[in-house]
Amino acid sequence: MILYFTGTGNSKFVADYLADKLEDTTVSINKYLKNGEDLICNSEKPYVIVAPIYAWRFPAVVENLLKKSQLNGCKSVYCIATMGENSGNADKYLRKIFADKGMNFTGYTGVVMQNNYLFMEKMPKARDAFKALNSVVPYLDKIAEAITNDKPLKKQDKTPLAAVMSSVVNAGFNKFMVKKQSFNVDTDCISCGKCVSGCPVNNIVMKDRKPVFSTNCAGCLACLHHCPKQAINVRNDTQDKGRYVCAEYKHWKTKNS
Ligand SMILES: Cc1cc2nc3c(=O)[nH]c(=O)nc-3n(C[C@H](O)[C@H](O)[C@H](O)COP(=O)(O)O)c2cc1C
Ligand code: SF4
Ligand code: SF4
């Protein structure tokens, strides 16, 4: 069973790709979070968890859901991060979560994809982002091969000061930069409600036909990137940065077969 969390689709692309190769099924962690449900699953095949890196760790909401989860059946679990560059000591925290459950942590690896953290860089044109997916595929094939053959996955990336980045810096980032992000919505908003329905943690409600943000943000940036009018921004930092949404795997496959 392949469980994934995603903000802008990279991790869903990886999950769908692996599901196709491994003849397995995907399950959206976003839906469990949105519905406030505990994650209770049963799988005869190894669990594969795919999620983005936020500040050198899996997202806090995902780590917390995994800690409380009941993963019945197969005792092996692989973790795969999608990331812009590097993932610090993310694996260390995941290893502990699954060791505490008595599961066999069969490895961790990171897949470098488009960095959706648009505070740092301008997003690419959709056409270029689509082409860039081709360069990810050979590594996904290696991951699929390892899982098929019950081989462990190896962490590839090294981060300077990984221990500090994934502990103190991560905690500070979650506390000060994520939860209470200062969103604003401009007059281009057409009240479509896409930001409300797409928020995995129900941090947005519609009031007087405009989205209003609460203080429980998970940092996924789905609302910014998916808004059809690019009407949502954080402070004055995300205007003119473009937006990014990863292509659906099915669409990519059709174009590449
Ligand atoms: C809040 C936030 C923090 C991020 N921190 C990191 C990071 O520490 N290291 C990194 O390589 N990429 C980082 N990224 C980039 C994402 O991990 C990357 O773009 C990921 O593939 C997005 O996955 P998704 O499309 O499934 O949401 C961050 C993105 C966000 C939104
Ligand atoms: S997704 Fe954009 S246009 Fe739609 S309601 Fe939200 S802010 Fe407005
Ligand atoms: S408010 Fe936006 S960035 Fe925060 S969790 Fe919801 S969709 Fe993600």
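**Close-up 1. Who crowds around ligand 3?** Of the 13 residues around ligand 3, those that come nearest are Cys199, Cys217, Cys220, Leu221 and Cys223; a residue counts as near a molecule or strand if one of its heavy atoms lies within 4 Å of it. Sort that shell by class and you get eleven nonpolar, two polar and no charged residues. For these classes, Ala, Val, Leu, Ile, Met, Phe, Trp, Tyr, Cys and Pro are nonpolar, Asp, Glu, Lys and Arg are charged, and the others, Gly among them, are polar.

A quick note before the next views: this is a predicted model, in which local features need pLDDT of at least 70 and side-chain atom pairs count only at pLDDT 80 or more, while totals for chains, interfaces and linings use all residues. Residues are numbered from 1 along each chain as its sequence is written, chains are lettered from A and ligands numbered from 1 in the order in which they are written, and side-chain values use heavy atoms, with hydrogens and water left out.

**Close-up 2. Leu221, a neighbour of ligand 3 with a positive phi.** Leu221 is not a glycine, yet its phi is near 65°. Most residues other than glycine have a negative phi. You'll find Leu221 in the loop between β10 (210–213) and α9 (222–226); helices (H or I, at least four residues) and strands (E, at least two) are DSSP runs, numbered from the N terminus. Is Leu221 buried or exposed? Leu221 counts as buried because its relative accessibility is 4%, where buried means under 20% relative accessible area, exposed over 50%, and partly exposed in between (1.4 Å probe, protein chains only).

**Close-up 3. Glu23, with a positive phi in another loop.** Glu23 has a positive phi of about 50°, although it isn't a glycine either. Look for Glu23 in the loop between α1 and β2 (26–28). With a relative accessible area of 68%, Glu23 is exposed.

**Close-up 4. The surroundings of ligand 2.** Around ligand 2 sit Cys189, Ile190, Ser191, Cys192, Gly193, Lys194, Cys195, Met206, Pro211, Cys227, Pro228 and Ile232. That shell divides into nine nonpolar, two polar and one charged.

**Close-up 5. Ligand 1 and its polar partners.** Ligand 1 has 23 residues around it, and Thr6, Thr8, Ser11, Ile53 and Glu85 come nearest. Here a polar contact is a pair of N or O atoms within 3.5 Å (within protein, one must be able to donate a hydrogen and the other to accept it, and residues adjacent in sequence count only if both atoms are side-chain atoms). An N or O atom in the side chain of Thr8 is 2.5 Å from an oxygen atom of ligand 1, and a polar side-chain atom of Ser11 is 2.7 Å from an oxygen atom of the ligand. Ala55 joins in through its backbone, with a polar atom 3.0 Å from a nitrogen atom of ligand 1. Two elements, α1 (10–22) and β6 (76–83), give two or more residues to this shell. By class, the shell around ligand 1 holds nine nonpolar, 13 polar and one charged.

**Close-up 6. Ala81 in strand β6.** Ala81 has its place in strand β6. At 0% relative accessibility, Ala81 counts as buried. How far apart in space are Ala81 and Thr187? They are 36 Å apart, C-alpha to C-alpha, and 106 residues apart in sequence.
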